[in-house]
Every structure is written in C-alpha cells, then in structure tokens.
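Reader: I'd love a close look at one charged pair and its place in the fold. Could you start there and then work outwards to the rest of the chain?

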Amino acid sequence: MSAPQRTGLLDRGWEETQIKVFTRWCQKYLSQQKIEFNDIRTDFRDGVKLLQLLQIIGKDPLPGKWHQVVKNRYHQLENVQLAIKYITEVKEIKLVGIHPEEIVDGNLKITLGLAWSCINKFQIEDISVEEKTARDALLIWCQKNTRDYDISITNFTTSWSSGLAFCALINHFRPNELDYDALNKDDHMANVTAAFDACRRIGLTVFLDPEDLVGCVPDDKSVVTQVSEFFHFFASESKITAMADKIKSTLKNQKQIDEMSNLYEQQAQAALDAMAKEKESIESDEYERTVPGVRAKLGDVIKYAHTARPQIIELRGTALRTWASIVTKCKPISRKVPVPPEGKEPETLNAKFEELENVQAKRRAELQEILKQIEKEKVDSFDQMCQEILNKVDEINQRSNSLEGTIEEQHDVINGLIAEAEEKQSHLPELQPPYNELIQLNLNNRSKFTPYAIQKEVDQLIVHLKHLLDQNKAAALQADNERRIREYNDKAQKYIDVAQDIEKELDSIEGSLPERRAAFIKQQSEIAEKREKVNEIDPDFEDLEKDGLHLGISNTPEYIKTQYGNSLKRAITETNKIFDEMVNEYDALAGKITERVRDLTNQAEAVKQPEKVLETQKAEYEELQGKAAEVEAELPTLDHPYSEIVEFKLAARIKTTPSEAASQVAQLKNLLDKLLEDNAAAIVKRENERRIKEYNELAQTYVDKSRDFAATVDAIDGTLVERRTAYLQKQKELNEKRDDLDNLTPHYQALEKDGLHMNINNTPISISSFYAQVLEKITNALNLIYDEMVKNFDEMATALNERIKKVEAEHKAIDGTLQEKKEKLAAELTEAQGIHDDVPQLNEPFAELTEFKLNYRPKFTPIDIQGYIDQLIANINHVNQINDSEIQAESNKARIDNYIGKAQAVVDEAKELEASINEIDGTNEEKLEKLYAKDKEVNEKQKKIDEITPIYQDLEKDDLHLNIENTPSSILAFFDNMHAHIHNLIQEVDKAIATAKGLEISEEQLQEFRDTFSFFDKDNTKSLEPYELKACLTALGENVEDEECNEIIKKYTGGNTSMDFDNYVKFMLDRFTKQETAETTKDAFKAVTKNAPVMTEELMNQHFTPEDVEYMKANMPQTEDGYDYSQWADSVFVE
C-alpha cells in the first residue's frame, strides 16, 4: 500500500519527514562515537549531543568548555550557546532567528532549522561554495550519472517520487546490486524499496522511508540530505568513476576504431567478394556457344557496367571512406592506424577494381569476337548451303550448255539434269529453318542469299532445262519427221528410180518389129503393175500429210504416178508406132487385094457419106456383102498379120481387113462385115470423142481455178500478220480445192480404163501437181513468216536479256561508300523495275508462237526473262537491305561512339578528380579549403551528365544503350560516390581541425558542456567565476580546491578571473578528452585498480558495462591475476 497523498498548504507532513531524516542523519555521525541519539526534537535540548555532533562533523575544537553533565537550565543554555557560537563564528554559518532558549525549549521549527544548517554546511555545502551552488552541483551530479537512463531529474522533489532516480544512481555505481532493466517502472513503492534495500546492502545510510517519497510531493531538504548522502558515499568512487569514464571513453574510441576496422574489413571483403563474384561471373564459360547464348553472356558482361559496377564502386567507395575515417579518427587521438588484413588493403581494393575493369573490357572484347565468329559461322553455314546449291546449279547449267551425242542421248542427259535439279529443289525447304534463325538473330541482312533467291535460281534452272527438253523433243520430233520424210523419200526414190529405169529400158528397146512390139507391150504391163505398187506409199504420204510434213516433199505418190503415167504413155506411144508399122505392113500386103476390092470399097466409101446416118450405112453395107466374095481367095496371106492386128485391137486402123481381101465374091459379105465393123468403130469413136471433150471441158475449169488460186497466192502482201493470215487461209482453201479435185478423178479413170486418156493433158495428177507447187510456195512463205516471228521474238527477248545482263554487270561491279551504293542500288532497282514492266510485252508474241507450235524455237521464253529479272530484283533488294542495315549500323555506331566519347570524357575527368581528391595535402585548413573547392569543381563537372543524358535517352529509345558501360546513372553514381568521399573527408578534417583547436567533441558532449556551463552561469555573464567552475567540476565528480580553480581560469584565459564558454570547452577537452594517451590511459586504469598492474574481472564487472567487459577480456592480454591493461594501452596508442 502506498502512503496517502500529502498535498496542500496546511500539510505538515514535511516536518515529520524532516524529524525522521534529520534524526537519522545525527544518529549516523553520533553512532561513530557510540552515542545514542533517539529524537531530534528532544535530544538537542541540553546541548550535549549537539556539541558532540559538532565535534564529530566540524573537526575543529570547540571555542570553550561545555557541560557534559547538565544539571540545570543554565547549563543547557550555555551548551547551546557554545554550539551556536561554534556554528556562527568558527564555521561561519549564518543563523537567522535561532536563539539558545528556543532550542532548549524544544521549538521544533528552530530545532529543525538548526539541524538543516548543520546538514547544509557539513553535508552539502562542501559540494561547492555556497548552498545554492551546492544544490545545483548536486543536481548536475545526479543528471550526469543518470544520463544513460530513461529518467529526468530536474528537482529534489517529484523527480524522486518514482524511486527510479535512486535506482539509476545505484545501478550506475553498483550495476551488480540492482537490475534497473528488471524494474516495473509503474510500481513506485517497489522501486523505492528496491533502491533503499540496495543502499543498506552496500552500507549507504538511508534517511528516508518509501512512504516519504511515493504518493506525495517529497520534502526537498529531506531529499537533498538523502541525495547528498549518495554523493558522499560514492564520492570516494567519483575519481574512480571519472577514471572509469575515461577508460570507457578510451574503450569507446578504440571500439569505434575496431568496429570501423571490422566494418572496413567487412566492407572491403564485401567489395572484394562482389568483385570476385563479378569477375568469376564475367570469366565464367558456362554459357551456350550459340548466338543467343553468347549474346546473353555478352549482355551480362555489358550489364555489369550499369548494374554490378555502380554497386561495386559504392562498396569500394564505402570501404575506402571507412578507411579514411579510421585514419582520420586515429591521428588526432594518437591511436595506431590498424593494419588491414593481407589482401584487404585499400591499394588492393583499387588494384582489384582496376583488374576487374580490365577483365570486363577484355572479356567483352573476347565475347564480341566470339559472337562475331559464331555469327559469321552461322551466316557462312547458311551461305555455304546456298552456295553449294548455286554451284550445283552452275554445274548443271554448264552441262546443259555443252550437250553432246545424239538427240536421244541428249534427251536422257537433260532428263538426268532435270532430276538432279528437282532433287536439289526438294532440299530447298531445308534452307528455311536456318534462314528463319538468321532472321530471329537479326543476321539475315549479312547473308549473301535468301531462300527466295535460291528458289528462283533453281526454278529458273528447271525452267531452262525443261525448255531445253522441249527443244530436244522438238529436235527429236524434227529428226523423226526428217526420218519419216527420209524413209518416205527413200521409198519414193525407189519408185522414181524404177521410173527412171523404165525410161532407160524404153530407150534401149530395139530389134525387129515383133521384138520391139513385144517389149513395149511388156513394158506397158509392167509399168501399170509398177504404177499400181506406188499406192503402197500412199499411207506413208497420208501420215506425213496429216502431220503437215508433206509440204516439202516433191516425190509425192501423185507425182510418181505421173512419172509412171508418162512412161506408160511413152510405151503406149511407142507401141502405137509399132502398131502403125504393123498396119502399114499389113496395108501394103493387103494393097493388092484392096485394089481389087477398091471398087467395092469405093462403093462402100460412097455408102460412108457423112450425111448418111450410120444406121443407113449399115444396111447398105449389108447389101454389098455379097460383092466381097471375089477377093476371098487372097485373104489367107493376110491372116497372120491380121490376127496380130486384131490381137492388139488395130483392126480399126488397117485399110483393108482380111475378110475384105478374102474374096471379092464373098467380100461383099465380108465387106459388109468390115463396113459394119467400121460403122460400129465410128459409133464408138464418136462416143469416145464426146467423152474426151466433156472431160477436157471439165478439167479446164479445174485448171482455171488452180491458176486463179495461184494468182491470188502470188498477190499476197501486207504486214507479217496479214500475210500469215492470208497464207494460212490460202493453205486451207488449197486443201479444199485439192479435195474438190477428187471429183475429176472418176472421169479420168473412166477414160483411162478405155484407153482414151493418152491425149489428155490436164489429168487430175497434173492439176494436183500444180496445186502441190502452189502449196509449196505457200509453205515456204509461211516458213519465212514463222522464221520472222521467231526472229522478232528473239530480238525482243534478247534485248531484255541484254538489259538484264547490263544491270547485273553494274550490280556486280557496284562499289563506293554506303551512301553511294544506296544511290546506285536505287538506280539499278529503278532500271530493273522498268525491265520487269517491259517483260509482259513478250507474252503476246510468245502466245502466237505457241499457237503455231513454234514455242520450242526461241532462245528464251517469257518465263525465262521473268525469272532472270525477278532474280535480279531480288538480288538488288537483298543487297540494298544489307546496305541499308550497314548504313543504319554505321549511323548507330556513330551515335553510340558520339555518346561513348562524351561519356568517356566525363568519366576521365571524374577519374582525374577522384585521383586529385586523394592528392589533396597541406594543413587541415588548407585541405578543408581545397576540399570545398574540389566539391564545387565536382558539382560543375557533374553538370556535364545533363549534357549527355538526352543523347543516352535517344539511344535508349532505339535500344542502342545495351552495349554502353558508362550510363548517365553509373556516372552519376561515380560522382555521388566522390561527393560522399569529399563530404566524409570534410567531416574528418573538420574533426581534425576541432581537435587541433581543442574542440574535437561530439554534439552530445558539446551539449552537455553547454548545459553545465549555462547551469552554473547563474548571473548570465557568459562566463564562470572560480566558485562556479568548482561547483561544475564537483558536479562532474572532480575534487578540486579553490586555488586550483583560480589557476585553471588564469591558464585558459590568459590571466583573467573568469572563463568564457570556448575556453571552458578547451579546458574540459584537455581535462577529460585531449589528455588521452597511453600513459593517461594507464593512469586511469591505475586509479580504478588502485595501482594494481592488472584489471581483475571483478573490477571490470563493477565499473563497466557487460559489453565493455567482454571487449576488454577479448583484447587485453590475460595473466594469472587478471588482464594487462598497460600492454593493451601500448598496443593501441602511437608512441
């Protein structure tokens, strides 16, 4: 239960507290002489115990004798009077309104006032010079020794109600006696109880009870008394504490150095690890030896510049800044600069970084070369595949242009070449996957070829070979036609030869009349038979005629038959001549007889008058038959020749028949027979003449038609198309006319059958031969026209091909700069496109050639020319694409080089600046000035990043930034690192300057100095008097005399009697900080160890935090008795 609250102006609880506190205070001192003291309200009334107390605490003799045994009031008053005299005169304590009677009479207020005056003089005032200052010093002392705790001490009342202030002081001086962190900050009663229990354990007198503090506003005099007891109890330890604090400061600095050293080691290791890791990554060969694999690896290596490199620069810079801080921190406080572990020296960091930079540059170059080689191999592999196909195409093409052997052999070779070409064509799809890969890798513009171009070449070759095959087939067909014509001509020639032999045989016939007659008659029979055999070649001729191959044949069956007919006609003529001889011989033989029968003949002739109708003559002849008997006896001589004449049907030609000469008597009958025969022959002759006349008239119409037709053919003129059309029309008409001629043939054959054709000139064969001549003329004219058509087409196609070859030659010889090539390629493409637009001009004339089955004869086809120009345009476009890519690449390279040049200039300047930072020398003030100037220079140089940033952004927009190492961000990081380095150096130099001026101090410590200075500068003069300095030092745990304070002020002010703040700071630093050396550190340890050569673990735990204890144990050499602090001090301070 906490004590009830005591508040209000009428509350007198403070008196009870003071009675208790002051009584216990007196008991403490009197008990030293074993003097019993029970209650201050009664025990001071006779003055005995008061004087005994003054003797103990005053240390000076009393100014007179006193009554140890009091017998009366007078004795009491004298004793008290002597005590007041000692207090006021000897100890010079002002007592206001205190008289002996009031003490003797037990005036509580006066008694308590007297007790307080004694406490203040002997318990409190020796903390400083006067009470007010002493109270302030005591408050400062409390604040100083509890500044590391979560409490605020601002007075001697409420600041102590929670008990935490007492707990903090005990924990500060005796950390093992009280666990401050284990306290329940809200349980004030428990906290006060814990504090006072700890006081009792360590022998510190407790004047207060918990209820005097908790739940009320404590009495300040009582609290001051108790707190001053704390001060005096620990005063013997103040020096030790101060020294311990110095040691703590030393340890703190050394720990900071060690921590910084460890931090540097960690940072250096981190930087080295990062560099080693990046170096290993850069040098690693764990990547696919493919274009994507190498590109990815190269990208990773390049990425180092704007990913890992800034981080490594930062890591290295951080480590170097830490090292610079270590060096800067060590020098002002005379500490040895730690030796970096081997391999972690700042120089090593720089060397490793330079090594990494070189490795990255070298690796990048290697990978670029590898990538270039792999890309080249990839392109070359595709080009080689294409080239092998093109080589095969060229080989096939050359073989096709040097064909040898027969047409059949050439046919087989061409078919073989087509098979080879088609086999290559079947493999063309194999080009697409590697070409697609080139496209994916953006390498297709480096290839000399495209699958389309190769496809065109192979297609063109196949078209060319098929054209050759068509020509070969045409040649084979022509050869076959020539063979057929030749075979026909050979057959026909045999008949011609026979006809010629017949003529020769006819020429060679001689001998007697019977012999010649027999020979010619035999020839007639043989000629007829042989002419009949000419029909055997009619099917062959008809086959040739059907295929239009008869036009150039002169020895047609009709012509041959005509030749045979002519020979037959000659044989007949010669036979007729022989018959004439036979008749003449017979007539001569029969002349004698005929003479005798002349009269009868005359009569018969008379009967033969033309005006007489043959039928009338016949009756008269029959009448004269009887008169022929007279010459009948002479007729036997005529029998044989007459029989021959009859045999050869010449009876009609003789003058006198045997029967006429046989008998004059009987001749009348015979004459009649003869006349009757003549009459019958006349009737037959009349009929034959009619038939011949009708045939000749009919044949003449065919002759006239043929001549008129020939005239129209001769009259043909005009353009090629007009002439060709006209000749083709005439050819068609001629066939119709020859077909119409077949209508004449039956008439001729009827006459021929009766032997009436011999005197006919216009035979069907002769008319047909005339038509054949006209047809030959038409055919020849058409052949000339066809030749002209082929020639005209070849001229057009050749002209286009020559234009293509001209552009191809210009294309192959193209040179100059990329821009010049671009212009030339554009001109070539325009010219090639013009040729391409002209190719359709070939279609119509080639269609005409195809229409007339002449398409195998030209040197080129429209498909050939179209293929040539398409291939040329494809090649030009491909080269143009490559050229454009090279122009773009050149432009991109120029843009990249422009940026890299400018960026490298900025980087070079930055590196020069970085190097110059480390070369700054001179005094600290000069260094500071130079560092500020250098920082300004860095700011100016950094502005150049703004100049290159838009350039980089343009590159980034076009994805051209990937191979750039010095990006604006990485350069900015470099500058930021320099700024940080400069600012760190400025800070360190500032500290060094402060140290040189005696002003090196943390902001926290400086604030503490300001607080103490202001606290004791009560008159606000901005300076401390000697007594104020003494109070201040006392509050800080220093025991100093008045004279020492006077000397301190004179020393630091040049003889003045007061000290301003700057001099105060210099003095405080000299006294508490700047004097830190190996010897001062050893002195501090000696003070703590009471001159022992070692520090025991017990002392460590008593005066230092667990962290400091662990640090000392870990770093100080250990001996049998403890830890050697001297050896440690020598190891950390510069000699």
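**A charged pair, and what lies around it**

Author: Happy to. In this predicted model, the side chains of lysine 941 and glutamate 909 come together in a salt bridge, with 3.8 Å from N to O. Lysine 941 belongs to helix H31 (residues 924-942) and glutamate 909 to helix H30 (residues 862-918), so the pair ties together parts that are 32 residues apart in sequence. How accessible are the two partners? Lysine 941 is partly exposed at 22% relative accessibility, and glutamate 909 is also partly exposed, with a relative accessible area of 21%. Buried means under 20%, so lysine 941 at 22% counts as partly exposed.

Other charged groups are linked through shared partners: Lys20, Arg24, Asp209 and Asp212 are joined by salt bridges into one network. Across the whole structure, a search finds 65 salt bridges.

Two more pairs are worth setting beside yours, since each sits within one helix. Lysine 279 forms a salt bridge with glutamate 283, where the closest N and O atoms are 3.2 Å apart. These two residues are four places apart in helix H10 (residues 220-283), which puts about one helical turn between them. An α-helix has 3.6 residues a turn, so residues three or four places apart point the same way. Lysine 279 is partly exposed, at a relative accessible area of 23%, and so is glutamate 283, at 38%.

The second pair is arginine 690 with glutamate 687, whose closest N and O atoms are 1.8 Å apart in the model. Both lie in helix H24 (residues 664-714), three residues apart, about one turn of the helix. Arginine 690 is partly exposed, with a relative accessible area of 36%, and glutamate 687 is partly exposed as well, at 33%.

From charges, let's turn to the nonpolar interior. In soluble globular proteins, nonpolar side chains tend to be buried together. Here the largest nonpolar core has 102 residues, and Trp160 and Tyr1064 have the most contacts inside it. Helix H6 (residues 108-124) supplies the largest share of this core, nine residues. What does tryptophan 160 touch, leaving aside its neighbours within four places in sequence? Its contacts are Cys142, Ile153, Asn155, Ala165, Phe166, Leu169, Leu213, Val223 and Val227. Apart from this core lies another, of 85 residues, including Tyr304, Leu468, Tyr952 and Ile971.

Helix H6 also turns up in the surroundings of helix H3: the buried residues of H3 pack against helix H1 (13-30), helix H2 (40-43), helix H4 (73-90) and H6. Ten of the eleven residues of H3 (residues 48-58) are buried, so this helix is largely enclosed by the rest of the structure. Among the buried ones are Lys49 and Gln52, alongside Leu50, Leu51, Leu53 and Leu54. Just after H3, lysine 59 takes a positive phi of about 65°.

That stretch falls within a recorded domain: UniProt, in an unreviewed entry, lists residues 16-123 and 132-235 as "domain: Calponin-homology (CH)". Over residues 16-123 the chain is 64% helix and 0% strand, with the end C-alpha atoms 20 Å apart.

A polar residue can be enclosed too, as serine 567 shows: at 1% relative accessibility, serine 567 counts as buried. Serine 567 sits in helix H19 (residues 557-596), and beyond residues up to four places away in sequence it touches Ala499, Ile502, Glu503, Leu506 and Ile527.

Now step back to the whole chain. The protein has 41 helices and six strands. Its radius of gyration is 76 Å, well over the 32 Å that the globule rule gives for 1135 residues, so the protein is more spread out than a compact globule. Along the principal axes, its C-alpha atoms fill a box of roughly 255 × 65 × 55 Å. Buried residues account for 46% of the 1135 residues. Of the contacts between residues at least 6 apart in sequence, 75% join residues at least 24 apart.

Finally, a word on confidence. The average pLDDT is 84, and 92% of the residues score at least 70. Confidence is highest in helix H9 (residues 188-202), at a mean of 95, and lowest in strand S2 (residues 662-663), at 59. Over residues 1-10 the pLDDT is below 50, and this stretch has 18 contacts in the model beyond near neighbours in sequence. Where pLDDT is low, the predicted coordinates should not be read in detail.

Terms used
Residues numbered from 1 in each chain as written. Predicted model: local features only at pLDDT ≥ 70, side-chain atom pairs only at ≥ 80, totals over all residues. Heavy atoms only, no water. Salt bridge = Lys/Arg side-chain N within 4 Å of Asp/Glu carboxyl O. Buried < 20%, exposed > 50% of the residue type's maximum accessible area, 1.4 Å probe, protein only. Core = buried A, V, L, I, M, F, W, Y, C linked by side-chain atoms within 4.5 Å. Contact = heavy atoms within 4.5 Å. UniProt positions renumbered as here; feature names shortened; annotations may be inferred. pLDDT = per-residue confidence, 0-100. Rg over C-alpha atoms; globule rule 2.2 N^0.38 Å.
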